[in-house]
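Subject: Structure handover

Hi,

Here is the structure I promised to pass on to you. Please have a look at it first, and then read my notes underneath.

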Amino acid sequence: DFDSALRMLALGQYEGGIPLLVRVTEAAPDLIAAHIDLGIAYAQTNDLARAEASFERALALNRRHPVAHNELGIVYRKTGRFEEARESYERALELHPGFHYARRNLAILCDVYLADAQCALENYSLYAAAVPSDESASIWIADVRNRMAK
């Protein structure tokens with residue numbers, strides 16, 4: 001079921017993958033990856049309450065899982081809980097400073113939702129250093145610097 005669910009999720013077939021992942025989490029309740037993948041699938045279908053519950057379950061199993069913290073941060077951002085999102089991203093980065101997805105998410109949160117230009121610039125810069133192939137990062141950095149100069 002888990003492999004089938006992952007294939008479905010990779011194809012964007014969330015509605016079909018969710019029931020399989022629910023079965024996996026019921027059969028193997030301590031399988032952290034299944035809870036995270038289920039949370040991601042729920043988030044993709046905009047079922048944010050269930051997504052949050054899945055990520056919380058994963059974190060109950062392992063408070064030090066950076067992916068669970070990052071994904072929970074996304075749910076918090078989508079539900080307008082920006083300070084909680086920031087805490088989740090920062091926790092993910094505390095655990096794994098090179099986790100560039102959390103770095104980018106924190107930068108965007110600071111830039112767009114919190115209007116914290118210094119935080120945005122710092123995290124965009126760290127993200128750009130970690131992912132030099134992402135040409136968008138240099139645009140984001142220039143934009144923040146431009147706004148800071150005004």
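Below is what I found, starting with the overall picture and then going through single residues.

First, two remarks on how to read the values. This is a predicted model, so local features need pLDDT of at least 70 and side-chain atom pairs count only at pLDDT 80 or more, while totals for chains, interfaces and linings use all residues. Residues are numbered from 1 along each chain as its sequence is written, and side-chain values use heavy atoms, with hydrogens and water left out.

**The overall picture**

The protein has nine helices and zero strands, counting DSSP runs numbered from the N terminus (H or I of at least four residues for helices, E of at least two for strands). Along the sequence the pattern therefore reads α-α-α-α-α-α-α-α-α. The C-alpha trace spans about 55 × 30 × 25 Å along its principal axes.

Of the 150 residues, 41% count as buried; here buried means under 20% relative accessible area, exposed means over 50%, and partly exposed is in between (1.4 Å probe, protein chains only). The accessible surface comes to about 7,900 Å², and 51% of it belongs to carbon and sulfur atoms. Those areas come from the Shrake-Rupley method with a 1.4 Å probe, and for residues only the protein chains shown count as cover.

For contacts (heavy atoms within 4.5 Å), I looked at those with a separation of 6 or more: residues 24 or more positions apart account for 40% of them. As for charges, the protein has 16 positive and 21 negative ones, and their mean positions are 2 Å apart. Lys and Arg count as positive and Asp and Glu as negative, while His and the chain ends are not counted; each charge is placed at NZ of Lys, CZ of Arg, CG of Asp or CD of Glu.

**The core**

The largest nonpolar core holds 37 residues. By nonpolar core I mean a set of buried Ala, Val, Leu, Ile, Met, Phe, Trp, Tyr and Cys residues joined through side-chain atoms within 4.5 Å. Ile36, Ala51, Phe55, Tyr89, Leu106 and Tyr124 are the residues with the most contacts inside this core. Helix α3 (residues 32-44) gives the most to it, with six residues.

Tyr89 is worth a look on your screen. Leaving out residues up to four places away in sequence, Tyr89 touches Asn70, Gly73, Ile74, Arg77, Ala102, Asn105, Leu106 and Leu109. Asn70, one of these partners, sits in helix α5 (residues 66-78) and is buried at 3% relative accessibility. With the same neighbours in sequence left out, Asn70 touches Tyr89, Ala92, Phe99, Tyr101, Ala102 and Asn105.

Another buried polar residue is Ser54, with a relative accessible area of 6%. Ser54 is found in helix α4 (residues 48-61), and its contacts beyond four places in sequence are His35, Leu38, Gly39 and Tyr42.

**Aromatic pairs**

A search of the whole structure finds four aromatic pairs. Rings of Phe, Tyr and Trp (its six-membered ring) pair if their centres lie within 6.5 Å; planes under 30 degrees apart count as stacked, over 60 as edge-to-face and the rest as tilted.

One of the pairs is Phe82 with Tyr113, which is tilted at 5.0 Å centre to centre and 40° between the planes. Because Phe82 lies in helix α6 (residues 82-95) and Tyr113 in helix α7 (residues 100-113), this pair ties together parts that are 31 residues apart in sequence. Phe82 is partly exposed at 25%, and Tyr113 is partly exposed at 35%.

The rings of Tyr124 and Trp140 have their centres 5.2 Å apart and their planes at 35°, so this pair is tilted. Tyr124 in helix α8 (residues 117-130) and Trp140 in helix α9 (residues 136-149) are 16 residues apart, and their pair links distant parts of the chain. Tyr124 is buried at 2%, whereas Trp140 is partly exposed at 25%. Together with Tyr127, these two residues form one aromatic cluster.

**Two more residues**

Ser136 lies in helix α9 and is partly exposed at 31%. The C-alpha atoms of Ser136 and Tyr124 are separated by 9.8 Å, with their positions 12 residues apart along the chain.

Asp3 lies in helix α1 (residues 2-10) and is exposed at 52%. Its C-alpha atom is 34 Å from that of Ala137, which is 134 residues apart from Asp3 along the chain.

Best wishes
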